[in-house]
Amino acid sequence: MKTGIIGLPNAGKSTLFNALTRAGVSAEQYPFCTIDPNVGVVPVPDSRLDILRAHVETGAVYPAILQLVDIAGLVRDAHKGEGLGNKFLSHIREVDALFHVVRCFEDEQVAHVDGSMDPVRDIETVETELLCADLQLIEGALEKARRAARLPEQEARTRLSLLERCHALLADGRPARLLAESDPEHAHTLRHLGLLTARRMLYIANMDEAPSDSARFDAIRAFAESNGGVALPLCARLEAELAELDEADRTEMMASLDLKEPVLDRVIQAMFDLLGLITFFTTTGGKEIRAWPMAAGTRAPQAAGIIHTDFEKGFIRAEVYPVSALEQYGSESAVRAAGKLRIEGKNYVVQDGDVCHFLFNP
Ligand SMILES: Nc1nc2c(ncn2[C@@H]2O[C@H](COP(=O)(O)OP(=O)(O)OP(=O)(O)O)[C@@H](O)[C@H]2O)c(=O)[nH]1
Ligand SMILES: [Mg+2]
């Protein structure tokens with residue numbers, strides 16, 4: 001999984017990036033690192049991995065991984081090459097989702113590009129750039145599609161009609177994600193084109209440590225909801241400070257601030273909700289336990305295919321039990337002995353928290 005962090009200059013993107021990537025480093029068993037100063041890799045926290053580790057003999061535990069890209073602030077006219085311009089935009093064409101950091105904190109020491117605080121205006125500035133970049137992209141794609149549609153293939157005409165609808169939507173100032181959401185086929189085509197506004201968007205409201213009211217966040221949430229996104233409030237500076245503390249101090253400070261969950265957990269949960277993801281697990285003969293995030297509603301053969309394409313091609317059946325059964329029975333063999341290991345076929349829809357053993361014809 002990969003996400004890009006976008007927003008205006010000084011919105012707090014790098015501060016959040018640091019808070020999220022350092023939070024991951026404390027998990028001692030994982031070899032996490034920052035690939036380059038702007039790309040970080042963090043483990044996806046999941047308490048079910050602790051349950052698995054406690055009850056299943058294993059050499060290693062591999063959580064799911066989130067790759068975060070911290071992108072330089074987007075300025076007006078980036079799509080025309082201002083600031084880092086197109087370089088910036090090409091950075092984020094391959095991500096699964098975007099985190100859009102929106103400044104809501106007051107601080108006279110930190111300049112605002114537009115001289116004043118207005119979260120919805122700021123969002124619109126950034127999204128206008130994304131829309132303009134997408135319009136340029138789709139105009140190029142439309143030209144090609146028009147030529148192709150002269151041929152008799154129905155497929156080419158279907159594509160042209162989708163691109164035309166997408167162009168009309170973008171020209172109206174609306175994100176391509178609204179069209180992608182209506183149909184998974186559309187989603188695939190539009191994402192494949194590299195449309196930025198086809199990405200799911202998590203709006204992160206970067207709040208004061210103790211915000212005096214929620215008006216700014218409410219405005220962001222309303223905007224998010226009308227544009228197919230989700231909004232999450234946090235204070236990046238505070239979270240970055242927490243990430244620097246050792247475990248005991250962090251726990252104490254979080255309690256004193258009435259913060260129940262670490263920032264990484266909150267952000268990941270919001271992202272899973274936004275992308276409609278669930279997690280299943282695999283355990284292999286004393287060697288490893290692994291978490292696999294995937295879209296909810298995926299059937300067993302396609303879930304197996306995430307691990308290896310051969311598993312999908314040769315899929316025979318899956319042996320499945322929920323992680324919770326381990327807590328009840330104590331071990332995989334006890335789960336099996338209690339008859340709680342289910343045999344599922346190719347139509348089985350894998351559930352969040354399933355442990356799956358796939359059987360396949362090699
Ligand atoms: N008061 C306050 N300051 C913050 C907060 N988050 C970030 N800052 C400060 O705002 C300034 C800019 O933060 P960065 O995280 O570097 O902003 P950025 O979005 O990465 O900026 P660019 O990379 O220039 O686009 C720094 O001085 C931060 O310490 C916050 O929640 N509260
Ligand atoms: Mg930065």
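# Exercises on a predicted model

Asp 258 is exposed, with 6 other C-beta atoms within 10 Å. The exercises below concern this residue and others in a predicted model.

**Exercise 1.** Find where Asp 258 lies and state the sign of its phi.

*Solution.* Start with the chain: Asp 258 sits in the loop between α10 (247–256) and α11 (263–275). Next, take the backbone angle: phi of Asp 258 is near 60°, a positive value in a residue other than glycine. Then look at the helix that Asp 258 follows, α10. Of the 10 residues of α10, the number buried is zero, so this helix lies largely in the open. Last, apply the cut-off to Asp 258 itself: 12 or fewer C-beta atoms within 10 Å count as exposed, and Asp 258 has 6.

**Exercise 2.** Decide whether Asn 10 is buried, partly exposed or exposed, and describe its backbone.

*Solution.* Asn 10 belongs to the loop between β1 (2–6) and α1. Its phi is positive, about 65°, although Asn 10 is not a glycine. For burial, count neighbours: Asn 10 has 17 other C-beta atoms within 10 Å. A residue is buried at 20 or more and exposed at 12 or fewer, so Asn 10, with 17, is partly exposed.

**Exercise 3.** Describe the shell around ligand 1: how many residues, which are closest, and which helices contribute?

*Solution.* The shell holds 17 residues. The closest are Gly 12, Lys 13, Ser 14, Thr 15 and Gly 73. Turning to helices, α1 (13–25) and α9 (236–244) each supply at least two residues of the shell. The most comes from α1, which gives three residues. By residue type, the shell around ligand 1 divides into seven nonpolar, seven polar and three charged.

**Exercise 4.** Follow Leu 20 and Val 102 into the largest nonpolar core.

*Solution.* This core has 63 residues, and those that touch the most other members are Ile 5, Leu 20, Val 102, Tyr 203, Ile 204 and Ala 205. Helix α4 (residues 119–148) gives the most to the core, with seven residues. In soluble globular proteins, nonpolar side chains tend to be buried together.

Take Leu 20 now. Leaving out residues up to four places away in sequence, Leu 20 touches Val 42, Leu 68, Val 263, Leu 264 and Val 267.

Val 102 is found in strand β6 (residues 97–103). Val 102 is buried, since 27 other C-beta atoms lie within 10 Å. With residues up to four places away again left out, its contacts include Gly 7, Ala 11, Pro 119, Tyr 203, Ile 204 and Ala 205. Distance in space is a separate matter: the C-alpha atoms of Val 102 and Ala 145, which are 43 residues apart along the chain, are separated by 36 Å.

A second, separate core of 22 residues includes Leu 52, Val 61, Ala 300 and Ala 303.

**Exercise 5.** Set out the place, exposure and partners of Ile 65, then do likewise for the place and exposure of Ala 60.

*Solution.* Ile 65 is in strand β5 (residues 65–70). With 16 C-beta neighbours inside 10 Å, Ile 65 counts as partly exposed. Not counting residues up to four places away in sequence, Ile 65 touches Val 41, Pro 43 and Val 44. For Val 44, a distance can be added: 21 residues separate Ile 65 and Val 44 along the chain, and their C-alpha atoms are separated by 5.7 Å.

Ala 60 lies in strand β4 (residues 60–62). Ala 60 is exposed, with 11 other C-beta atoms within 10 Å. From Ala 60 to Glu 327, the separation is 267 residues in sequence and 20 Å in space, C-alpha to C-alpha.

**Exercise 6.** Give the bounds of the domains, the distance between their centres and the contacts between them.

*Solution.* The domain assignment gives domain 1 (2–274) and domain 2 (297–360). Their C-alpha centres lie 32 Å apart. Five residues of domain 1 are in contact with seven residues of domain 2. On the side of domain 1 that touches domain 2, the residues divide into three nonpolar, one polar and one charged.

**Exercise 7.** State how confident the prediction is, and where the pLDDT falls below 50.

*Solution.* The protein averages a pLDDT of 88, and 92% of the residues score at least 70. Over residues 24–35 the pLDDT is below 50. In the model, this stretch has 18 contacts beyond near neighbours in sequence.

Technical notes
Residues numbered from 1 in each chain as written. Chains lettered and ligands numbered in written order. Predicted model: local features only at pLDDT ≥ 70, side-chain atom pairs only at ≥ 80, totals over all residues. pLDDT = per-residue confidence, 0-100. Contact = placed C-beta atoms within 7 Å. Near = placed C-beta within 6 Å. Helix = DSSP H or I, 4+ residues; strand = E, 2+ residues; numbered from the N terminus. Nonpolar A, V, L, I, M, F, W, Y, C, P; charged D, E, K, R; others polar. Domains from an automatic or database assignment. Core = buried A, V, L, I, M, F, W, Y, C linked by C-beta atoms within 7 Å.
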